[in-house]
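Let's take a walk through this protein together, starting with its broad layout and ending with single residues. Have the view ready to turn as you read.

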Amino acid sequence: MKKNNNQIPLEKLSPRRLMCLDACTRCGECKNWCPVYSLTENEKVTPRTKIKNFKSVLKAQNGFLGMFKSGIDPDTLADFLTGLYECSCCNQCHFVCPSRIDTVELWEDVREAIYRSGLGPMPEQRTFCENLVKYGNPFKKDQSARTDWIETGLQDGTLLYRPELITENKASVLLFIGCTATFDEKVSRIAKHTVNILSRAGVEFGVLGTEENCCYGKLRRMGDPSFKQLAGQNIEKLNSLGFDTLVSACAGCFKTLNADYPKVGQQKYKIYHLSEYLDILIQQGKIKFEVPVEGKITYHDPCLLGRHNNIYEAPRRVIAAIPGLELIEMERTRQFSRCCGVGGGLKIANHDLQEAASVRRIRDAEETGAEFLTTPCPTCFSGLSGGALKAESHLKVVHMAELAARSMGIGPAVKG
Ligand code: SF4
Ligand code: SF4
């Protein structure tokens, strides 16, 4: 095979990231926990092999031998790229690594260097990123379609209140809807339930409507360097609106706003995930759950909410506040929750693998004997719903907002 002469720009990798490469002792603990390895038994995806292959690639490019060799060995490069992109960035490897390597930060920074070199990402991921930048959303929809869910919801009666536009009526709380709940028709009911809940709780809030932009988190996950500029523009715009609290109903948007944006610029508002905000409203007595939802339920921790943001208890408190529900935990929960495979661009790079990961998580949930599986993230909800269908599971996958709306008497009946 022909050698590749593309150069990976290393100046964007901090000394800390480069030091991580030497911190790996090759103990293999990450391999025992990686949700992708457990499905494929492909050693290339394990952090220890990714790190080893990346070091080989760098040696070929920059080391003494690099002066004599013409470019990077194509087989080593292909192995490295497969491992780098067939990874859901779930962060499980960080939590089990005895050297506590910041694996996902490392993968994302390396992905950015690879993106700049032109060696990656996978073709489908590059097209995805280009469309995301072009359209401002991953669904290739016109910006004017961002309020379609409001109009259809008002017409069919699923949306009980028309949300105010924060650009027209100032409010202290911004509900950031996110692209998935905005454009994915199977998921947009989450946006409607959230609006119904906040309205019924008396929260003065607004939405951005056609002025909302993608958080662009997917660009960061896949290493597209335009993330920083687009995130910076979002921060500037959001800061100019004068609200003091942002509520996100999506774990992906939340991770981007809460953990990635602070590295780009200062935000003048507090950020809550919907599950945290519901928990606060319950404690303040503004939300009262009065309609029982009878049944056994299990809870899936979204990686981007749990391992990436340390939010484990607030969603569990919301479930506990709903009368009739009995929470039964899966064997792998909290820091050890098994990823549903949707994140990190894995779904785009290898849809079958992502679906297999969701089916595996459905099996975890089935083992509890529960009738319901809930999660507070639209993308996990979407992945797990697809997994339940594929697995022909009896489980009913329900987003947390739907459960809350039901128990407030403003949502559809939730049956096991
Ligand atoms: S757990 Fe950490 S130290 Fe051990 S092989 Fe994996 S990355 Fe290396
Ligand atoms: S981030 Fe998750 S999927 Fe990627 S290597 Fe680590 S454990 Fe595996």
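How many residues of domain 1 are in contact with residues of domain 3? In this predicted model, 18 residues of domain 1 touch 20 residues of domain 3. To place these parts, note that the protein divides into domain 1 (10-120), domain 2 (136-282) and domain 3 (289-407). Measuring is easy to picture here: taken over C-alpha atoms, the centres of domain 1 and domain 3 lie 29 Å apart.

Let's move to a pair of helices. Helix 4 covers residues 47-62 and helix 7 covers residues 103-117; they pack at an angle of about 40°, and 12 Å separate their axes. Their crossing is left-handed. On the helix 4 side, Pro47, Lys50, Ile51 and Phe54 take part, and they meet Thr103, Leu106, Trp107 and Val110 of helix 7. Sorted by character, the residues of this contact are six nonpolar, one polar and one charged.

Next, look for the nonpolar cores. The largest has 93 residues, and Ile197, Leu238 and Leu246 are the ones that touch the most other members. This core lies between domain 2 (136-282) and domain 3 (289-407), because both of them give residues to it. There is also a second, separate core of 33 residues, with Ile8, Leu81, Val104 and Leu106 among its members.

Isoleucine 197 is a good place to zoom in. Setting aside neighbours within four places in sequence, isoleucine 197 is in contact with Leu278, Ile287, Ala401, Ala404, Ala405, Met408 and Ile410. Follow one of these partners, alanine 404, and you arrive in helix 20 (residues 400-407). Alanine 404 and isoleucine 197 are 207 residues apart along the chain, yet 7.7 Å separates their C-alpha atoms. Is alanine 404 buried or exposed? Its relative accessibility is 0%, so alanine 404 counts as buried. Beyond residues up to four places away in sequence, alanine 404 touches Ile197, Leu278, Phe289 and Ile322.

Our last stop is tyrosine 277, which you will find in helix 15 (residues 274-283). Tyrosine 277 has a relative accessible area of 10%, so it is buried. Not counting residues up to four places away in sequence, tyrosine 277 touches Val173, Leu198, Val203, Thr245, Val247 and Tyr272. For a sense of distance, compare its place with that of valine 110: the two are 167 residues apart in sequence and 34 Å apart in space, C-alpha to C-alpha.

Conventions
Residues are numbered from 1 along each chain as its sequence is written. Chains are lettered from A and ligands numbered from 1 in the order in which they are written. This is a predicted model: local features need pLDDT of at least 70, side-chain atom pairs count only at pLDDT 80 or more; totals for chains, interfaces and linings use all residues. Side-chain values use heavy atoms; hydrogens and water are left out. Axes are lines fitted to C-alpha atoms, for helices over the stretch in contact, and angles run from 0 to 180 degrees between N-to-C directions. Helices (H or I, at least four residues) and strands (E, at least two) are DSSP runs, numbered from the N terminus. A crossing is left-handed if the near helix is turned anticlockwise from the far one by less than a right angle, and right-handed if clockwise. Contact means heavy atoms within 4.5 Å. Ala, Val, Leu, Ile, Met, Phe, Trp, Tyr, Cys and Pro count as nonpolar, Asp, Glu, Lys and Arg as charged, and the others, Gly among them, as polar. A nonpolar core is a set of buried Ala, Val, Leu, Ile, Met, Phe, Trp, Tyr and Cys residues joined through side-chain atoms within 4.5 Å. Buried means under 20% relative accessible area, exposed over 50%, partly exposed in between (1.4 Å probe, protein chains only). Domain bounds come from an automatic or database domain assignment.
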